[in-house]
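The paragraphs below lead through one protein model, beginning with a pair of packed helices and moving outward to salt bridges, loops and surface. Please keep the sequence and the 3D view at hand while reading.

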Amino acid sequence: MTETITRPPRYITYVPLTDLAPAARNPKRHELELIIASIDMHGLVEIPVVDERTETTLHGHGRRESLIEMQVRGMRAPGGIVIDEDGGWLVPLLRGWASRNDAEAEALAIKLNRLPGEGGWDPRELAEILEDLATGEPELFDSLAIPHDEIDRMLGKVDPETLPGGIREDEPATLHLPDDGDRDELSPDDEGRSPHSTCPSCGHMFATSR
(Lines give C-alpha, C1' and ligand atoms only; values in the text may rest on other atoms or scores of the structure.)
Protein backbone atom coordinates (compact mmCIF):
# COMPACT_ATOMS: atom_id res chain seq x y z
CA MET A 1 0.00 0.00 0.00
CA THR A 2 1.29 3.46 -0.90
CA GLU A 3 0.68 6.32 1.51
CA THR A 4 0.96 10.00 0.67
CA ILE A 5 2.83 12.05 3.27
CA THR A 6 2.09 15.75 3.21
CA ARG A 7 5.50 16.79 4.55
CA PRO A 8 7.89 13.84 4.33
CA PRO A 9 10.95 14.06 6.61
CA ARG A 10 13.17 13.00 3.71
CA TYR A 11 12.51 13.90 0.10
CA ILE A 12 14.25 14.17 -3.28
CA THR A 13 14.61 17.36 -5.28
CA TYR A 14 16.50 18.19 -8.47
CA VAL A 15 18.93 21.12 -8.45
CA PRO A 16 21.50 22.43 -10.95
CA LEU A 17 24.80 20.59 -10.61
CA THR A 18 26.53 23.98 -10.37
CA ASP A 19 24.47 24.77 -7.25
CA LEU A 20 25.62 21.64 -5.37
CA ALA A 21 28.25 23.04 -3.02
CA PRO A 22 30.90 20.89 -1.30
CA ALA A 23 31.36 20.83 2.46
CA ALA A 24 33.98 23.15 3.92
CA ARG A 25 36.09 20.12 4.92
CA ASN A 26 35.99 16.66 3.38
CA PRO A 27 38.84 14.24 4.21
CA LYS A 28 37.54 11.46 1.93
CA ARG A 29 39.59 10.90 -1.21
CA HIS A 30 38.07 9.46 -4.38
CA GLU A 31 39.03 7.36 -7.38
CA LEU A 32 37.21 9.62 -9.79
CA GLU A 33 37.88 7.54 -12.90
CA LEU A 34 36.25 4.49 -11.29
CA ILE A 35 33.26 6.54 -10.15
CA ILE A 36 32.91 8.13 -13.58
CA ALA A 37 33.03 4.72 -15.26
CA SER A 38 30.41 3.35 -12.87
CA ILE A 39 28.04 6.29 -13.31
CA ASP A 40 28.48 6.14 -17.08
CA MET A 41 27.67 2.41 -17.06
CA HIS A 42 24.80 2.30 -14.55
CA GLY A 43 23.62 5.88 -14.21
CA LEU A 44 23.50 7.89 -10.99
CA VAL A 45 22.01 5.38 -8.54
CA GLU A 46 23.15 6.53 -5.09
CA ILE A 47 22.25 10.19 -4.94
CA PRO A 48 24.09 12.86 -2.93
CA VAL A 49 22.80 13.98 0.46
CA VAL A 50 22.55 17.64 1.50
CA ASP A 51 22.79 19.10 5.00
CA GLU A 52 19.89 21.54 5.28
CA ARG A 53 21.67 23.62 7.93
CA THR A 54 24.75 24.35 5.85
CA GLU A 55 23.13 23.80 2.43
CA THR A 56 26.26 21.91 1.38
CA THR A 57 26.98 18.31 0.40
CA LEU A 58 26.96 15.94 3.36
CA HIS A 59 27.55 12.71 1.44
CA GLY A 60 28.40 12.28 -2.23
CA HIS A 61 31.41 14.51 -2.88
CA GLY A 62 32.92 11.89 -5.20
CA ARG A 63 29.73 11.70 -7.24
CA ARG A 64 29.55 15.48 -7.37
CA GLU A 65 33.14 15.80 -8.61
CA SER A 66 32.64 12.96 -11.09
CA LEU A 67 29.51 14.50 -12.58
CA ILE A 68 31.26 17.86 -12.97
CA GLU A 69 34.17 16.15 -14.73
CA MET A 70 31.82 14.17 -16.97
CA GLN A 71 30.10 17.38 -18.04
CA VAL A 72 33.44 19.12 -18.65
CA ARG A 73 34.52 16.21 -20.87
CA GLY A 74 31.34 16.47 -22.89
CA MET A 75 30.17 13.01 -21.88
CA ARG A 76 26.53 12.05 -22.18
CA ALA A 77 24.26 12.82 -19.25
CA PRO A 78 23.95 9.61 -17.23
CA GLY A 79 20.69 8.01 -16.20
CA GLY A 80 19.08 9.82 -13.28
CA ILE A 81 20.20 13.25 -14.49
CA VAL A 82 17.65 15.67 -15.97
CA ILE A 83 18.64 18.18 -18.66
CA ASP A 84 17.20 21.67 -18.20
CA GLU A 85 16.14 23.97 -21.05
CA ASP A 86 19.62 25.52 -21.19
CA GLY A 87 21.37 22.17 -21.41
CA GLY A 88 22.47 22.17 -17.77
CA TRP A 89 22.46 19.04 -15.62
CA LEU A 90 19.93 18.78 -12.82
CA VAL A 91 21.02 16.40 -10.05
CA PRO A 92 18.71 14.53 -7.65
CA LEU A 93 19.47 15.21 -3.99
CA LEU A 94 18.23 13.60 -0.80
CA ARG A 95 17.09 16.37 1.50
CA GLY A 96 15.45 16.83 4.89
CA TRP A 97 18.30 16.17 7.34
CA ALA A 98 19.92 19.05 9.20
CA SER A 99 22.95 18.90 11.45
CA ARG A 100 23.00 20.61 14.85
CA ASN A 101 26.52 21.93 14.29
CA ASP A 102 29.64 21.41 12.20
CA ALA A 103 30.94 18.67 14.48
CA GLU A 104 27.84 16.52 13.97
CA ALA A 105 27.88 17.12 10.22
CA GLU A 106 31.50 16.03 9.90
CA ALA A 107 31.05 13.03 12.20
CA LEU A 108 28.07 11.79 10.17
CA ALA A 109 29.91 12.38 6.90
CA ILE A 110 32.71 10.10 8.13
CA LYS A 111 30.21 7.47 9.29
CA LEU A 112 28.38 7.45 5.97
CA ASN A 113 31.68 6.69 4.24
CA ARG A 114 33.10 4.20 6.77
CA LEU A 115 30.21 2.14 8.09
CA PRO A 116 29.03 0.47 4.84
CA GLY A 117 32.42 -1.24 4.47
CA GLU A 118 32.91 -2.18 8.11
CA GLY A 119 30.97 -5.44 7.86
CA GLY A 120 33.33 -6.79 5.21
CA TRP A 121 32.27 -9.47 2.72
CA ASP A 122 31.01 -13.01 2.98
CA PRO A 123 33.94 -14.62 1.10
CA ARG A 124 31.96 -17.64 -0.11
CA GLU A 125 29.07 -15.65 -1.57
CA LEU A 126 31.42 -13.05 -3.02
CA ALA A 127 33.49 -15.80 -4.67
CA GLU A 128 30.34 -17.24 -6.25
CA ILE A 129 29.26 -13.84 -7.58
CA LEU A 130 32.74 -13.03 -8.91
CA GLU A 131 32.86 -16.40 -10.64
CA ASP A 132 29.46 -15.82 -12.24
CA LEU A 133 30.47 -12.35 -13.41
CA ALA A 134 33.89 -13.43 -14.70
CA THR A 135 32.45 -16.29 -16.74
CA GLY A 136 29.13 -14.75 -17.80
CA GLU A 137 29.62 -10.97 -17.83
CA PRO A 138 33.35 -10.22 -18.22
CA GLU A 139 32.75 -6.51 -18.84
CA LEU A 140 30.89 -6.16 -15.55
CA PHE A 141 33.58 -8.16 -13.74
CA ASP A 142 36.32 -5.93 -15.16
CA SER A 143 34.35 -2.84 -14.10
CA LEU A 144 34.68 -3.90 -10.44
CA ALA A 145 38.40 -3.09 -10.65
CA ILE A 146 39.19 -5.25 -7.61
CA PRO A 147 42.96 -5.49 -7.04
CA HIS A 148 44.26 -9.03 -7.63
CA ASP A 149 45.84 -9.24 -4.16
CA GLU A 150 42.45 -8.45 -2.61
CA ILE A 151 40.84 -11.27 -4.60
CA ASP A 152 43.66 -13.59 -3.50
CA ARG A 153 43.01 -12.80 0.17
CA MET A 154 39.28 -13.36 -0.26
CA LEU A 155 39.67 -16.65 -2.12
CA GLY A 156 42.11 -17.87 0.52
CA LYS A 157 39.25 -17.85 3.05
CA VAL A 158 36.99 -20.07 0.93
CA ASP A 159 36.81 -23.87 1.10
CA PRO A 160 36.63 -24.91 -2.58
CA GLU A 161 34.43 -27.92 -1.80
CA THR A 162 31.70 -25.65 -0.38
CA LEU A 163 31.23 -23.87 -3.70
CA PRO A 164 29.10 -25.09 -6.61
CA GLY A 165 31.28 -27.29 -8.77
CA GLY A 166 33.91 -27.36 -6.03
CA ILE A 167 37.10 -29.27 -6.78
CA ARG A 168 39.18 -31.52 -4.58
CA GLU A 169 42.76 -30.57 -3.78
CA ASP A 170 44.07 -33.53 -5.82
CA GLU A 171 42.22 -32.39 -8.96
CA PRO A 172 43.96 -30.02 -11.38
CA ALA A 173 42.26 -26.67 -11.92
CA THR A 174 40.92 -25.79 -15.34
CA LEU A 175 41.91 -22.26 -16.23
CA HIS A 176 39.32 -20.22 -18.11
CA LEU A 177 40.76 -17.09 -19.66
CA PRO A 178 38.94 -15.41 -22.54
CA ASP A 179 41.07 -14.34 -25.46
CA ASP A 180 40.77 -10.70 -26.51
CA GLY A 181 39.47 -11.67 -29.95
CA ASP A 182 37.00 -14.32 -28.88
CA ARG A 183 35.81 -14.69 -25.30
CA ASP A 184 34.44 -18.16 -26.10
CA GLU A 185 37.95 -19.49 -26.73
CA LEU A 186 39.94 -20.24 -23.60
CA SER A 187 43.66 -19.77 -23.19
CA PRO A 188 45.53 -19.96 -19.86
CA ASP A 189 48.83 -18.55 -21.06
CA ASP A 190 48.24 -15.56 -23.33
CA GLU A 191 51.24 -13.24 -23.33
CA GLY A 192 50.90 -9.78 -21.88
CA ARG A 193 48.12 -10.69 -19.45
CA SER A 194 47.74 -8.66 -16.30
CA PRO A 195 48.06 -10.18 -12.77
CA HIS A 196 45.39 -12.72 -11.95
CA SER A 197 43.76 -14.80 -9.25
CA THR A 198 42.30 -18.28 -9.58
CA CYS A 199 38.84 -19.16 -8.27
CA PRO A 200 38.88 -22.26 -6.02
CA SER A 201 35.51 -23.46 -7.32
CA CYS A 202 36.40 -24.07 -10.94
CA GLY A 203 39.88 -22.70 -11.37
CA HIS A 204 38.72 -19.66 -13.30
CA MET A 205 41.58 -17.19 -13.77
CA PHE A 206 40.42 -13.73 -12.73
CA ALA A 207 42.42 -11.22 -14.77
CA THR A 208 42.73 -7.88 -12.99
CA SER A 209 44.23 -4.66 -14.19
CA ARG A 210 44.82 -3.04 -10.82
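Helix 1 (residues 32-42) and helix 2 (residues 61-72) pack with their axes 9 Å apart and at an angle of about 75°, where axes are lines fitted to C-alpha atoms, for helices over the stretch in contact, and angles run from 0 to 180 degrees between N-to-C directions. Helix 1 is therefore roughly perpendicular to helix 2, a description that covers angles of 65 to 115 degrees, while those under 35 count as roughly parallel, those over 145 as roughly antiparallel and the rest as oblique. Helix 1 contributes Leu 32, Ile 35, Ile 36, Ile 39 and Asp 40 to the meeting with helix 2, and helix 2 contributes Gly 62, Arg 63, Glu 65, Ser 66, Leu 67, Glu 69 and Met 70; a contact here means heavy atoms within 4.5 Å.

The model is predicted, with local features requiring pLDDT of at least 70 and side-chain atom pairs counting only at pLDDT 80 or more, whereas totals for chains, interfaces and linings use all residues. Residues are numbered from 1 along each chain as its sequence is written, and side-chain values use heavy atoms, with hydrogens and water left out.

In the wider fold, the protein has 6 helices and 7 strands, both taken as DSSP runs numbered from the N terminus (helices H or I, at least four residues; strands E, at least two). Read from the N terminus, these elements follow the order β-α-β-β-α-β-β-α-α-α-α-β-β. Among contacts between residues at least 6 apart in sequence, 69% join residues at least 24 apart. Of the 210 residues, 30% count as buried, where buried means under 20% relative accessible area, exposed over 50% and partly exposed in between (1.4 Å probe, protein chains only).

Asp 40, one of the helix 1 residues that meet helix 2, also forms a salt bridge with Arg 76, the closest N and O atoms being 3.1 Å apart; the term stands for a side-chain nitrogen of Lys or Arg within 4 Å of a carboxyl oxygen of Asp or Glu. Because Asp 40 lies in helix 1 and Arg 76 in the loop between helix 2 and strand 4 (82-83), the pair ties together parts that are 36 residues apart in sequence. Asp 40 is partly exposed, at 26% relative accessibility, and Arg 76 is exposed, at 56%. Glu 69, which is among the helix 2 residues that meet helix 1, is linked with Glu 33 and Arg 73 in a network of salt bridges.

What does the search of the whole structure find in the way of salt bridges? It finds 10 of them, and one is between the side chains of Glu 106 and Arg 25 (2.8 Å, N to O). That pair links distant parts of the chain, since Glu 106 is in helix 3 and Arg 25 in the loop between strand 1 and helix 1, 81 residues apart. Glu 106 counts as partly exposed at 27% relative accessibility, and Arg 25 as exposed at 60%. Within helix 3, Glu 118 forms a salt bridge with Arg 114, with 3.4 Å between the closest N and O atoms; these two residues are separated by about one helical turn because they are 4 residues apart in the helix.

Several loops also deserve a look. Most residues other than glycine have a negative phi. Glu 55, however, has a positive phi, near 60°, and is placed in the loop between strand 2 (49-51) and strand 3 (56-59). Ala 145 likewise has a positive phi, near 50°, and is found in the loop between helix 5 (138-144) and helix 6 (148-155). Is each of them buried or exposed? Glu 55 is exposed, with a relative accessible area of 58%, whereas Ala 145 counts as buried at 16%.

On the surface, Ile 12, Tyr 14, Val 82 and Leu 94 form a nonpolar patch with about 340 Å² of accessible area together. Such patches are made of residues with over 30% relative accessible area and no salt bridge, nonpolar side chains (Val, Leu, Ile, Met, Phe, Trp, Tyr) being joined within 5 Å and like charges within 9 Å. Ile 12 belongs to strand 1 (residues 11-16) and counts as exposed at 54% relative accessibility. The accessible surface of the protein comes to about 13500 Å², 50% of it belonging to carbon and sulfur atoms, with areas from the Shrake-Rupley method with a 1.4 Å probe and, for residues, only the protein chains shown counting as cover.
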